[in-house]
Amino acid sequence: MATGDSVRTRKPVPVASTETVPTATPSRRLASDDEPLALMGTRQRRHRSSIRRFISTSPLGTLTTFILVAAIVIAILGPFIGTGDPEEISPIAMFASPSGDFPMGGDYLGRSVLARLVYGLRISLALAAASALLAASVGTLLGLVSGYFGGVLDELVMRFTDILFAFPTILLGLLVAMVLNPGVKSVIFTIVIATIPVFARVARGPTLSVREAEYTIAARVIGATPPRILFRYVLPNVSTPLLVQLAFTLSGALIAEGALSFLGLGVQPPMPSLGSLLRDGKTYMEIAPWTMLFPGVTLAVAILAINLLGDELQSFTDPRLRNK
Amino acid sequence: MSSGGYTPLSQETMSRYIAKRTVMALITIFGVATIVFVAMRLVPGGFAAALLGPNAVQQPEVVAAIEEKYGLDQPVFVQYTLWLGNALRGDLGESLRTHSSVTSEIVRRSLITIELTLLATLMSLVIGIPAGVIAAIRRNSVADITTRTVSLVGLSIPDFVLGTILIYVVSTRHIGLPISGYISPSDGIIDHLRSMVLPTFTLGLITTSVVMRVIRSSVVEVLGEPYVITARAKGLHPRDVALHHVVRAALIPTVTIVGINMGYLLGGAVIVEELFSLPGLGRYALTGILNRDYPVAQGTVIVGALMFVLANLAADIAYAYLDPRIKY
């Protein structure tokens with residue numbers, strides 16, 4: 001999501017070969033398909049134990065998960081725990097420096113920076129999560145279908161992702177903001193379009209080899225339909241890199257939303273988001289630096305936490321990285 | 001790869017590979033142009049309304065005259081071929097606001113953007129490569145932990161946050177660096193470079209972090225290769241092994257990273273040029289969008305995507321030359 005593209009938003013960097021494949025033991029997955037009810041419990045227990053293993057092997061990952069959960073809880077519950085009304089204007093708060101009544105000071109209209117920050121965090125997180133999930137679903141489906149069926153379809157999908165990849169995220173955002181009017185819709189649309197090709201590629205690579213795995217062939221032989229094979233056999237075995245990518249996409253989406261709103265092409269006033277708060281704060285940074293510093297630091301900390309979690313997930317799920 | 005080890009590639013395979021990549025790049029550029037064309041037809045109100053302002057829509061005869069002048073009364077396919085033909089000849093139309101040629105404005109302004117992206121790339125290589133190599137060779141040392149922390153933090157501070165905070169710090173602490181405006185090299189090369197310091201740092205921090213991480217993991221990977229172990233077993237000095245056997249192989253991915261980073265840099269240029277008031281391509285694009293100046297917007301987006309595609313094509317070709325193991 002380099003940013004980079006920005007935004008992109010950072011695109012996945014092909015460090016090793018793209019054909020790193022979970023030649024994983026399919027036995028567990030196969031069992032999941034038609035296993036007797038009595039066995040269901042063991043699966044859940046395994047699942048729980050892998051969470052416990054993550055906590056014990058990755059204290060940093062646990063800490064960042066905790067920070068993120070706290071940020072989400074504050075963003076959701078903010079108004080109920082007394083952070084205040086983001087729209088309420090009180091004349092004494094205009095450019096007020098941080099103090100008891102206004103812990104993060106007041107902005108240029110006399111609104112509480114804390115109240116606006118909590119609301120902005122809520123909107124930024126919701127936008128980032130919604131667009132990352134949407135892009136992940138569509139992109140993964142494209143990658144699965146393209147990798148599994150191959151041929152002309154695969155070629156078409158891959159050329160299409162090439163074309164979408166050619167737009168740096170911010171430039172794509174400019175184009176989208178002109179067609180749709182700048183706002184929540186254009187931000188989501190930009191992030192989704194920019195991220196679909198990433199998921200399509202990440203899902204396609206391992207699908208190419210899972211397609212040839214014996215358990216997939218066996219499933220085909222007993223007459224499983226393509227959708228069933230894709231979702232019950234292929235998807236579970238290619239899901240690990242997708243999960244890691246989802247974490248990086250979330251941070252990329254936060255950056256993209258921030259960048260677009262900062263440029264005036266995203267969330268429009270009076271609705272706050274971390275990017276638009278920073279945009280407002282920049283104008284008055286010399287008389288009221290707190291209006292700019294709090295949203296900026298909040299955004300950076302949120303992105304840092306998600307990136308750290310992504311790193312930890314990556315080394316937790318990739319056995320080659322675990323011992324490094 | 002065959003088991004016979006390294007066989008030099010024939011000139012023919014190489015040129016076939018380059019031809020294939022070039023054709024794919026051309027298809028991509030064609031697709032980009034088509035998407036931009038379609039997007040422009042979807043703009044609410046259409047071109048005539050943008051040109052004349054909202055009131056003019058009430059005068060159908062004026063709208064019709066404008067549509068005739070710009071060929072908008074033609075079938076879409078005819079419009080598309082005309083537009084594509086003009087774009088291929090380098091004619092991207094003229095600005096609706098200033099009536100200057102979009103192509104010549106883009107050429108003039110892209111020099112600043114190209115300089116900015118080159119400086120940021122230079123920064124990422126000069127800092128990122130040594131830091132990444134040292135971190136990998138001395139794994140878990142203080143240098144390694146510092147490099148990893150710096151790169152993780154660098155990746156997590158978006159350019160617009162970093163730039164804003166830098167402007168604040170530099171202006172309140174009275175550090176003698178220009179925070180706004182462009183000083184042309186003809187007005188003094190030193191002043192020019194000083195005016196580029198903050199923009200370059202703001203744009204380059206993320207790419208520097210990316211280079212650090214990629215170089216580090218690539219060196220770590222190469223360190224485990226059998227030929228490196230052999231070189232060690234022969235009794236070569238660890239420093240010679242590192243310099244001659246490891247770093248050379250580990251540097252190859254840098255080429256790809258520089259290509260991929262171009263996309264981020266071109267997008268980041270929009271933000272950095274806006275923040276530091278540099279009259280480059282990115283700022284031209286942003287002003288074009290905010291003024292609903294469609295020819296400017298479509299021209300800049302196409303040229304930006306074109307630069308990205310060409311940078312990646314160059315990276316792919318360079319990669320093939322550098323790495324004899326690449327599959328065709």
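# Briefing on a predicted two-chain model

A:Pro270 sits in the loop of chain A that links helix 9 (226-262) to helix 10 (274-283). The peptide bond that leads into A:Pro270 from A:Pro269 is cis, with omega near 10°. The model is predicted, and the points below cover its confidence, the make-up of each chain, the contacts between chain A and chain B, and some local backbone features.

**Confidence in chain A**

- Chain A has a mean pLDDT of 79, and 82% of its residues reach 70 or more.
- Among the elements of chain A, the highest mean pLDDT, 92, belongs to helix 7 (residues 184-210), and the lowest, 37, to strand 1 (residues 2-8).
- Over residues 1-40 of chain A, pLDDT stays under 50. The model nevertheless has 117 contacts beyond four places in sequence for these residues.
- Where pLDDT is low, predicted coordinates should not be read in detail.

**Make-up of chain A**

- Chain A contains 12 helices and one strand.
- Along the sequence, its elements follow the pattern β-α-α-α-α-α-α-α-α-α-α-α-α.
- Chain A has 324 residues, of which 48% count as buried.

**Make-up of chain B**

- Chain B contains 13 helices and zero strands, and its elements run α-α-α-α-α-α-α-α-α-α-α-α-α from the N terminus on.
- Of its 328 residues, 37% count as buried.
- Along the principal axes, the C-alpha atoms of chain B fill a box of roughly 85 × 60 × 35 Å.
- Among contacts in chain B with a separation of 6 or more, 71% join residues that are 24 or more positions apart.

**Contacts between the chains**

- In the model, 46 residues of chain A are in contact with 50 residues of chain B.
- On the side of chain A that touches chain B, at least two residues each come from strand 1, helix 5 (151-165), helix 6 (169-179), helix 9, helix 10 and helix 11 (290-317) of chain A.
- That side of chain A has 31 nonpolar, eight polar and seven charged residues.
- Strand 1, one of the contributing elements, is also the element of chain A with the lowest mean pLDDT.

**Helix 11 of chain B and the loop after it**

- Helix 11 of chain B has 24 residues, which should span 34 Å at 1.5 Å a residue; its end C-alpha atoms are 34 Å apart, so the two values agree.
- The helix bends by about 30° at B:Gly268.
- Helix 11 of chain B is largely enclosed by the rest of the structure, because 21 of its 24 residues are buried.
- B:Ser277 follows helix 11 of chain B and has a positive phi, near 50°. This residue lies in the loop between helix 11 (252-275) and helix 12 (281-290) of chain B.
- B:Ser277 has 13 C-beta neighbours inside 10 Å and therefore counts as partly exposed, since a residue is exposed at 12 or fewer and buried at 20 or more.

**A second positive phi in chain B**

- Most residues other than glycine have a negative phi, and most peptide bonds are trans.
- B:Asn140, a residue other than glycine, has a positive phi near 65°.
- B:Asn140 lies in the loop of chain B between helix 5 (102-137) and helix 6 (142-156).
- B:Asn140 counts as exposed because it has 10 C-beta neighbours inside 10 Å.

Technical notes. Residues numbered from 1 in each chain as written. Chains lettered and ligands numbered in written order. Predicted model: local features only at pLDDT ≥ 70, side-chain atom pairs only at ≥ 80, totals over all residues. Helix = DSSP H or I, 4+ residues; strand = E, 2+ residues; numbered from the N terminus. Expected span 1.5 Å × (residues − 1). Bend = angle between axes of the 7 residues up to and from the residue. pLDDT = per-residue confidence, 0-100. Contact = placed C-beta atoms within 7 Å. Nonpolar A, V, L, I, M, F, W, Y, C, P; charged D, E, K, R; others polar.
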